Structure formats: structure tokens, C-alpha cells
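Hi,

Here is the structure I promised to pass on. Have a look at it first, and then read my notes below.

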Amino acid sequence: MAAAGGVVVLSGAGLSTESGIPDYRGPSGALRRHTPMTYQAFTSGVTARRRYWARSHVGWRAMAEARPNSGHRAVAHLQRRGLVTGVVTQNVDGLHQAGGARDVVELHGSLHRVICLDCGALSSREELDARLTRANPAFAARAVAVNPDGDAELRDEEIDGFEVVGCRACEGGVLKPDVVFFGESVPAGRVSDCFALVEGARLLLVLGSSLTVMSGRRFVLRAAKLGIPVAIVNQGPTRGDDHATLTVDAPLGEILSEVAALVDARTAATR
């Protein structure tokens, strides 16, 4: 199906597990001892933000060191071949782009950017990491586990006393990673862009997503309603399987590399 082109990719956390970032629900899933930070909690006061930024400061180290795997590179290769016409990712790790993909729609934002909730200024996560390191010279916590959103598991005593820094542009504004927290909505324009990609596709290819939450599953439902074939490659069942023309339960890096090699072989044979 992919060889005909017009493929739109919808990727989830399972695509990044081979880069060392755990999935929430797949075979490498991390068991969280605390619930994810919600937007409402984050904006409720400095105590919640101190807890978040202490954990995220540690988790960022693992995220920043992660490298794209063969699955990310295969998607980029298929895009360069003109077969993949759009990439929508639920991930916030930036690994699609690091693997060579272009014009990736980051449905839930990116951990590589920081936004000020007061003035809207954007800055890099690398800059914030350096500022937090300088503000907390004695902070030496090590993560017990790191979740797909870069939120690390830390003991409460390691969080006490962590110093949070404010926005430089407006001198003290509240900084937040430029990602969609639980309790937030994906910007309407971004959702519309994703629907437009799906509606123009010949095939929706879901990679490494359990489709548990509606944020991603809605695109599968739209494709199915329009009669657009849906193929799902994931380790374990998904909530979109009933709408899929094809489901493959296998490691993504291996399968996608094989698909890319097959496309190259067919292209060479027709020359």
C-alpha cells in the first residue's frame, strides 16, 4: 500500500522506544508513580512548578541524549522518496526531525522549546537547562525512571529547595515547556492542519501508537469515515484496530527498515 505514495504518518511513543525513551503502554512501558502534570496544577502555584521543573530538569538529560533510530530514519527516507506526504507525531522528543524528516506537525508540541505564559516569548530548552543548572549548583538528583514526556521519577526530598527561574524577555514570567499538558487542548489550527493532511492521504500509517486517547484516534476515525485505508504498526493491540485495513504487531525499526529497503529495490527494478 505504501508504494503507491500519498502516505500520511501518525506516530506515537512506540516509535521512540528503540531510542531509549519508554512508552506509556507498550512492552517497554514505564510505570509512573505519580500522575502526569496537568496544566491546572502547573499554573496553580510555584510549588507545583518547582516539582515539575526539578523532575523535568533531570529527565531532559535523557531526552537530549536520545538519538533517532532506524524507524525515524526510515520515515524520513520514505518522505525523501516522495511516498510519505505528511508526518504528524504525538511525540515531543524531536526525533523525527533529528532523523531527517521535514515539515513534521508536532501535535503535542516539543520539549525542545520553552514558552512564557505571560508574554508568549519562545526560547530554547538548552538555554533553560543551563540557567537551571546555574541556579541549582548543589542539585544532584538522578532519575529512577524517565517518562516519554521527559518527566523523571524523583524522591520528594530531592525536589525540596529546587530553584525555578523566570522568563528573561519579560523579567520573571512563568516558563512552561512548549508542549500540551493534560488538561490543555491542542491548538485548533494545528488540529485542522492534521485533518487536512489525513483527508488528502491515500493511506494513513499509524506507527507506535496505542490510540488510547482521542487526540490521535480522531484521525483514524476520520480516515475510516472517508474510506481512506488505515495501516497500524504497533507492539500490542490498539483502539484503532477495528478501523484498520492492516495491523502489524512487530518492532517498528525492523519493519520500517524493511519497507524502505523494499521501496528502494522496486525503484531500482523499474529504472
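To start you off: which residues does Tyr52 touch, not counting residues up to four places away in sequence? Bear in mind that this is a predicted model. With that neighbour rule, the contacts of Tyr52 are Met37, Phe42, Leu111, Pro177 and Phe181.

Tyr52 is a good way into the largest nonpolar core, which has 30 residues. Along with Trp53, Leu111, Leu128, Phe139 and Leu154, Tyr52 is one of the members that touch the most other members. At least two residues of this core come from each of α2 (46-65), β4 (109-116), α5 (125-135) and β6 (175-179). The largest share is that of α2, with seven residues. Another core, of 23 residues, lies apart from it, and its members include Leu203, Val233, Leu252 and Ala260.

Next, the sheet. It is an open one made of six strands, in the order β3-β2-β1-β7-β8-β9, with parallel pairing. At the edges sit β3 (104-106) and β9, each pairing on one side only. On average, neighbouring strands here are turned by 15° against each other, ignoring direction. If you want to zoom in on one pair, try β1 (residues 7-11) and β2 (residues 84-89), which are joined in the parallel sense by five bridges. Ser11 stands opposite Thr89 of β2. You will also see α3 lying across β1, β2 and β7, and it runs at about 145° to β2.

Now for helix α9 (residues 252-269). How far apart are its end C-alpha atoms? They are 26 Å apart, and this agrees with the span of 26 Å that 18 residues should give at 1.5 Å a residue. The buried residues in α9 are Leu252, Gly253, Ile255, Leu256, Ala260 and Val263. Among the elements covering them are α3 (70-80), β7 (203-207), β8 (230-233) and β9 (246-248). Two of those buried residues, Leu252 and Ala260, turn up again in the 23-residue core.

There is a helix pair to look at too. α7 (residues 188-199) packs against α8 (residues 214-225) at an angle of about 35°, and their axes are 10 Å apart. The crossing is right-handed. On the α7 side the contact is made by Val191, Cys194, Phe195, Val198 and Glu199, and on the α8 side by Arg218, Phe219, Arg222 and Ala223.

Finally, three acidic residues. Is Glu106, at 12% relative accessibility, buried or exposed? It counts as buried, because the cut-off for that is under 20%. Glu106 is in strand β3, and it touches Thr89, Gly94, Gln97, Arg113 and Arg190, again not counting residues up to four places away in sequence. So Thr89 comes up twice: opposite Ser11, and in contact with Glu106 by the contact rule of heavy atoms within 4.5 Å.

Asp103 is in the loop between α4 (95-98) and β3. Its phi is positive, about 50°, although Asp103 is not a glycine. Asp103 is exposed, with a relative accessible area of 70%. Glu171 is in the loop between α6 (156-159) and β6. Glu171 also has a positive phi, near 60°, and is a residue other than glycine. With a relative accessible area of 73%, Glu171 is exposed.

Happy browsing, and write back with any questions.

Note on methods:
Residues are numbered from 1 along each chain as its sequence is written. This is a predicted model: local features need pLDDT of at least 70, side-chain atom pairs count only at pLDDT 80 or more; totals for chains, interfaces and linings use all residues. Side-chain values use heavy atoms; hydrogens and water are left out. Helices (H or I, at least four residues) and strands (E, at least two) are DSSP runs, numbered from the N terminus. The expected span of a helix is 1.5 Å times one less than its number of residues. Buried means under 20% relative accessible area, exposed over 50%, partly exposed in between (1.4 Å probe, protein chains only). Two strands pair if DSSP finds at least two bridges between them. Axes are lines fitted to C-alpha atoms, for helices over the stretch in contact, and angles run from 0 to 180 degrees between N-to-C directions. A nonpolar core is a set of buried Ala, Val, Leu, Ile, Met, Phe, Trp, Tyr and Cys residues joined through side-chain atoms within 4.5 Å. A crossing is left-handed if the near helix is turned anticlockwise from the far one by less than a right angle, and right-handed if clockwise.
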